[in-house]
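This report describes the architecture of a two-part assembly through its contacts, sheets and backbone geometry. The coordinates are shown first, and the discussion follows.

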Amino acid sequence: MKRQELLFEQPRTLFASTPVEAEHGARDAVRLLVTTPSGHQHATFADLPRFLSAGDLLVANESATLAASLEARGPSGSYTLDLSTRYAEGLWLAEPRWDPAHPGPMPIESGEEARVGDATVRYVAPYPGIPRLWFITADRPLEPILQRAGVPIHYGYVQQVWPLDAYQSLFSRVPGSAEMPSAARPITSKIREALEAAGVRFTSVLLHSGVSSLEIETDQVEEQAVYPEPFEVSSATADLVNRTRDGGHRVIAIGTTVVRALESTWTPDGVRPRQGFTRLFVHPGNPVRSVDGLLTGFHDPVTSHLAMLAALIGLPRVMEAYREAIANGYRWHEFGDSHLILRK
Amino acid sequence: MAQSSNPVTPAQAEHVALITGASRGLGFTVAEFLARQRWTLILTARHEVPLLEAVKRLQATGASIRALPGDVSQDQHRRDLVATVRRVGRLNLLINNASELGASPFPALVDYPLDALRRVFEVNVLSPLALIHLCLPVLRKSRGLVVNITSDASRGGYPGWGGYGSSKAALDLLSKTLANELREAGVGVVAVDPGDLRTQMHQDAFPGQDISDRPLPEVTLPFWAWLEGQDPLRVSGQRFEAQGTVWEVPA
């Protein structure tokens, strides 16, 4: 697939900059676009139970968001250091940025040091194929510094930093994501109860999300380097997924992170319990087999997330849905509207 | 604010690795990645000049580097290496990376000169085992990890690759068996297939061919970063593909 195929015109006026509950009181006040084989329907998130059936299984990500954005002081002055993924004690993948709105690349050199809180971090090596990300080593654990001084990672389209709670969902349990797995954000206890009363079941996987989805830079989408993320699929979850499939019901991922985790455990006999780091890149050449649907947000042009949607329902249908969303003023990004994609 | 230009933290200063075949290619890339994290390194390679050049580059990181040129198939050289390890007093990571490709161009097994095959097994199978023998007391004390560098040729059955491939298959089984035997001693053993890389060794395996489509050894850095974070006993007995899709921790 060529990168241009994932391009679309995205009006910046559609970027959501505020959590919906700050304006409308409830997280489920966002809109819901439903894409099925028979077309697209417009709804509000509170209508979600209407589109699911008894026996369907919703799979959430129980990774909680870290306050992963820190201020660093180094040879280039003060700048933002967003932690992406913890690899080992004191060894992280991180993204240095001029500031939240300006990504760099910064003129960093291997061996360069910076002060972060009471720690000294040193740049070890750029990530192969993604030079804006660096492995950094710290002279003491960074977790306590995140707790004291970190703020949630945020970008230019968000005018203020919201409290960390705004970046957690009903399912957030294990801290470790640099960026919020945001698809579950609009699910309130009330919606969850309504779904359960209707016979829809819930389970969860763990995938600690790294910094934001990258714009694909290679001409051929499949050649883009993607970085790995820690994940875990338990035997109880694998069991539920397989029994749901065997029973002819639908498995629906809440978020692209869940698709990545479940697909990383796929075998010809279904999914299996597995944990580690996954580098899986789900694109149309790597079709989705473990899920029948995806509840997600709206994704930027030319991103790996968009390639995943194309793997799920084919690119023409994705682009059709996005035209529909733009024409109807749906809002983008972590505080934006929702998209339920069902392939059967 | 008191700030040293080379802050050495106790936690990092304690990390020590012995890497064979460290003057170039994958061995050098891993050495550089660890040196930039201020690991103490003990390095070896057969040829003195490239090894000393490599050491000069690595010392620029501020890490403590000791290098001994020599052939890992020589008993005396292995004893010298391990004497250095003992003086340092710790060994968190032993990377058996030095490998012998064998007769070139690759002969079919039916035509394989046995002396060349003996040399392949000497370097790729017996030498890593002999180093493990000698390092065991300090590995045990450090609860260290042994990494044996393997190859997809160990499973492929590719014509012409039978000499090198069978030695790596032997190394794979040796790794798996040692993992079971050394578990009680607290020492982990893994085999790592780095995948095809743009290195001199890969060029030697494909003489005269253009290998510029293969990635540089840096492509494996995320894997090494991940491996650093693993408990040696949790991953012991596994065979990893550094360029594979999933790096799995057994349940």
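In this predicted model, A:Glu5 is in contact with A:Leu315 and A:Met319, neighbours within four places in sequence being left aside. A:Glu5 belongs to the segment that precedes helix H1 (20-24) of chain A. A:Glu5 and A:Ala307 are separated by 302 residues in sequence, yet their C-alpha atoms are 9.6 Å apart in space. With a relative accessible area of 38%, A:Glu5 is partly exposed.

**The sheet that spans both chains**

An open sheet of ten strands has the order S2(A)-S1(A)-S19(A)-S18(A)-S14(A)-S3(A)-S12(A)-S13(A)-S17(A)-S8(B), and its pairing is mixed. The edges are held by strand S2 (39-44) of chain A and strand S8 (246-248) of chain B; each has a single partner strand, so one side of each is left without a neighbour in the sheet. From one strand to the next, the twist averages 25 degrees.

Within this sheet, strand S14 (residues 251-254) and strand S18 (residues 293-296) of chain A run parallel and are joined by three bridges. A:Ile252 has A:Gly293 in S18(A) as its bridge partner. Helix H5 (residues 256-263) of chain A packs on the sheet, where the strands touched include strand S3 (57-61), strand S12 (201-207) and strand S17 (274-278) of chain A. The direction of this helix makes about 80 degrees with that of S12(A).

**The interface between the chains**

How many residues of each chain take part in the contact between chain B and chain A? The contact involves 30 residues of chain B and 27 residues of chain A. The size of an interface is often given as the accessible area lost when the parts come together. For chain B and chain A the buried area is about 2300 Å², and carbon and sulfur atoms give 57% of it.

Two salt bridges are found across this interface. A:Arg274 forms a salt bridge with B:Glu248, their closest N and O atoms being 2.7 Å apart. B:Glu248 lies within the range of strand S8 (246-248) of chain B, an edge strand of the ten-stranded sheet, and A:Arg274 lies within that of strand S17 (274-278) of chain A.

**The parallel sheet of chain B**

Chain B also holds an open sheet of seven strands in the order S3-S2-S1-S4-S5-S6-S7, with parallel pairing. Strand S3 (65-69) and strand S7 (239-241) stand at its edges, each with a single partner strand, so one side of each is left without a neighbour in the sheet. The twist from one strand to the next averages 20 degrees. Five bridges connect strand S1 (residues 16-20) and strand S2 (residues 40-45) of chain B, which run parallel. In this pair, B:Ile19 stands opposite B:Leu43 of S2(B).

Two helices of chain B lie across strands of this sheet. Helix H7 (residues 162-182) crosses strand S5 (145-149), strand S6 (188-193) and S7, running at about 155 degrees to S6(B). Helix H9 (residues 221-228) lies across strand S4 (93-96), S5, S6 and S7, and its angle to S5(B) is about 155 degrees.

**The nonpolar core**

Which residues have the most contacts inside the largest nonpolar core? They are A:Leu83, A:Ile136, B:Val147, B:Trp224 and B:Trp226, in a core of 136 residues. Helix H6 (residues 304-313) of chain A gives the most to this core, with eight residues.

B:Val147 touches, among others, B:Leu93, B:Leu94, B:Val190, B:Val192 and B:Trp224, residues up to four places away in sequence not being counted.

**Backbone geometry in the loops of chain B**

Three backbone features in loops of chain B are listed below.

| Feature | Backbone value |
|---|---|
| B:Ser104 to B:Pro105, cis peptide bond | omega near -10 degrees |
| B:Arg38, positive phi | about 65 degrees |
| B:Arg143, positive phi | about 50 degrees |

B:Pro105 is found in the loop between S4 and helix H5 (114-142) of chain B. B:Arg38 sits in the loop between helix H2 (25-35) and S2 of chain B, and B:Arg143 in the loop between H5 and S5 of chain B. Neither B:Arg38 nor B:Arg143 is a glycine.

Are these two arginine residues buried or exposed? B:Arg38 is buried, with a relative accessible area of 7%, whereas B:Arg143 is exposed, with a relative accessible area of 52%.

Technical notes:
Residues are numbered from 1 along each chain as its sequence is written. Chains are lettered from A and ligands numbered from 1 in the order in which they are written. This is a predicted model: local features need pLDDT of at least 70, side-chain atom pairs count only at pLDDT 80 or more; totals for chains, interfaces and linings use all residues. Side-chain values use heavy atoms; hydrogens and water are left out. A nonpolar core is a set of buried Ala, Val, Leu, Ile, Met, Phe, Trp, Tyr and Cys residues joined through side-chain atoms within 4.5 Å. Buried means under 20% relative accessible area, exposed over 50%, partly exposed in between (1.4 Å probe, protein chains only). Helices (H or I, at least four residues) and strands (E, at least two) are DSSP runs, numbered from the N terminus. Contact means heavy atoms within 4.5 Å. Two strands pair if DSSP finds at least two bridges between them. Axes are lines fitted to C-alpha atoms, for helices over the stretch in contact, and angles run from 0 to 180 degrees between N-to-C directions. Buried area is the accessible area (1.4 Å probe) that two parts lose on being put together, summed over both. A salt bridge is a side-chain nitrogen of Lys or Arg within 4 Å of a carboxyl oxygen of Asp or Glu.
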